[in-house]
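Colleague: Before we discuss this model, may I ask you to justify the terms you apply to it? I should like each one set against its definition.

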Amino acid sequence: MSDDNDQYDDEEDIILSELNNEELVEQMHDDLYNGLKDEIFEGTTILLDRGWAPDKVLAEALVEGMRIVGIDFRDGILFVPEVLMAANAMKAGMGILRPLLAETGAETIGKMVIGTVKGDIHDIGKNLVSMMMEGAGFEVIDLGINNPVENYLAAIEEHKPDILGMSALLTTTMPYMKVVIDTLKEQGLRDDYIVLVGGAPLNEEFGDAIGADAYCRDAAVAVETAKSKVAEKRAAR
Ligand code: B1M
């Protein structure tokens, strides 16, 4: 076997528990990028066992790793299947951290209610947005597909999110977003929420026309927009 292959074998046999913290965090960024769920589960457990606070593991190992994934997705280096795998790996780490974070009362970056609008059953893009938002540290309440305005109203009343997100993939269902926004206006609730919309047939002009706060071209843009809008809103308070 050549030296090159020996080196490759060595790389395959990385034992996470033998890495120091810095190496382990870097390895976890690579493992997230490669969608390695078991390794992320193990890495998260090791850092917690070494006394890292859950919010530190979240920020430095997971969120930072997903930030890199988000950039490469935005730049067309990674595609939907890879991002879904990364997001899935992220979920393995989040599954361990979520209850611990709830115990410590660590503040999330923000909260979002999201759903695909009435008449529309497309959910792949919405799920990707949800996962990327969770990866960025947001709490996400996902209402699923085919949501009438009543579902959105009930969810915002129950969860008091910062953001209401809507997804539509059909030219016939995208106008329903305006129905939801108009209902919020009628009920005097519009200014209480940041409304973000997305989906393949939409564009910025449409987002403006229906009175959304922003149109998000993809999941990475949704995360960046959500972060900046929530920060603006908190600063204004
Ligand atoms: Co449908 N479908 N489909 N479909 N489907 C489209 C959308 C279509 C463009 C295909 C075509 O004809 N070329 C077309 C719409 C045409 C139009 O309206 N002008 C179409 C049609 C016509 C239909 C049916 C009517 C077909 C029929 O039954 N005759 C039917 C409708 C059912 C219904 O909803 N009532 C239908 C059904 C289906 C399937 C069930 C088979 C399946 C959906 C499976 C599922 O979602 N679980 C399906 C699929 C897969 C597609 C295509 C091929 C792919 C959509 C997708 O998942 N893209 C699609 C063609 C296409 O878009 N190329 C098509 C990948 C996904 C990651 O991208 O959803 O754009 P996307 O999400 C992006 C961004 O848009 C953004 O971020 C995401 C990630 O980067 N984003 C948001 C999305 N939502 C956001 C929300 C946000 C922020 C950003 O909130 C803050």
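**Contacts, metal and helix packing**

Modeller: In this predicted model, an oxygen atom of the ligand lies 3.3 Å from a polar backbone atom of alanine 200.

Colleague: What makes the pair of the ligand oxygen atom and the polar backbone atom of alanine 200 a polar contact?

Modeller: A polar contact is a pair of N or O atoms within 3.5 Å. The distance at alanine 200 is 3.3 Å, so the pair counts as a polar contact. A ligand oxygen atom is also 2.7 Å from a polar backbone atom of isoleucine 121, and one is 3.5 Å from a polar backbone atom of isoleucine 124.

Colleague: Which elements give two or more residues to the shell around the ligand?

Modeller: They are helix H6 (124-135), strand S3 (163-167) and strand S4 (194-198). H6 provides the largest share, four residues.

Colleague: How are the residues of that shell divided by character?

Modeller: There are 14 nonpolar, seven polar and four charged residues. Of the 25 residues around the ligand, those that come nearest are Ile121, His122, Asp123, Ser167 and Thr171.

Colleague: Why is His122 called a donor of the cobalt atom of the ligand?

Modeller: A donor here is an N, O or S atom within 2.8 Å of the metal. NE2 of His122 is at 2.2 Å from the cobalt atom, so this nitrogen qualifies. His122 is the only protein donor of that cobalt atom. Histidine 122 lies in the loop between strand S1 (111-116) and H6.

Colleague: Why are helix H2 and helix H3 called roughly antiparallel?

Modeller: Helix H2 (residues 21-33) and helix H3 (residues 37-49) pack at an angle of about 155°, with their axes 10 Å apart. Angles over 145 degrees count as roughly antiparallel, and H2 and H3 therefore receive that name. H2 passes H3 in a left-handed crossing.

Colleague: What makes H6 oblique to helix H10?

Modeller: The angle between H6 and helix H10 (residues 219-236) is about 45°, and their axes are 9 Å apart. That angle makes H6 oblique to H10, because roughly parallel requires an angle under 35 degrees and roughly perpendicular one of 65 to 115. H6 passes H10 in a right-handed crossing.

Colleague: How do you know that H7 and H8 are oblique to each other?

Modeller: Helix H7 (residues 149-159) and helix H8 (residues 176-186) pack at about 45°, with axes 10 Å apart. H7 and H8 are therefore oblique to each other. Their crossing is right-handed.

Key
Residues numbered from 1 in each chain as written. Predicted model: local features only at pLDDT ≥ 70, side-chain atom pairs only at ≥ 80, totals over all residues. Heavy atoms only, no water. Near = heavy atom within 4 Å. Polar contact = N/O pair within 3.5 Å; in protein donor to acceptor, adjacent residues only side chain to side chain. Nonpolar A, V, L, I, M, F, W, Y, C, P; charged D, E, K, R; others polar. Donors = N, O, S within 2.8 Å, 3.2 Å for Na, K, Ca; no water. Axes fitted to C-alpha atoms, helices over the stretch in contact; angles between N-to-C directions. Left-handed = near helix turned anticlockwise from the far one by under 90°.
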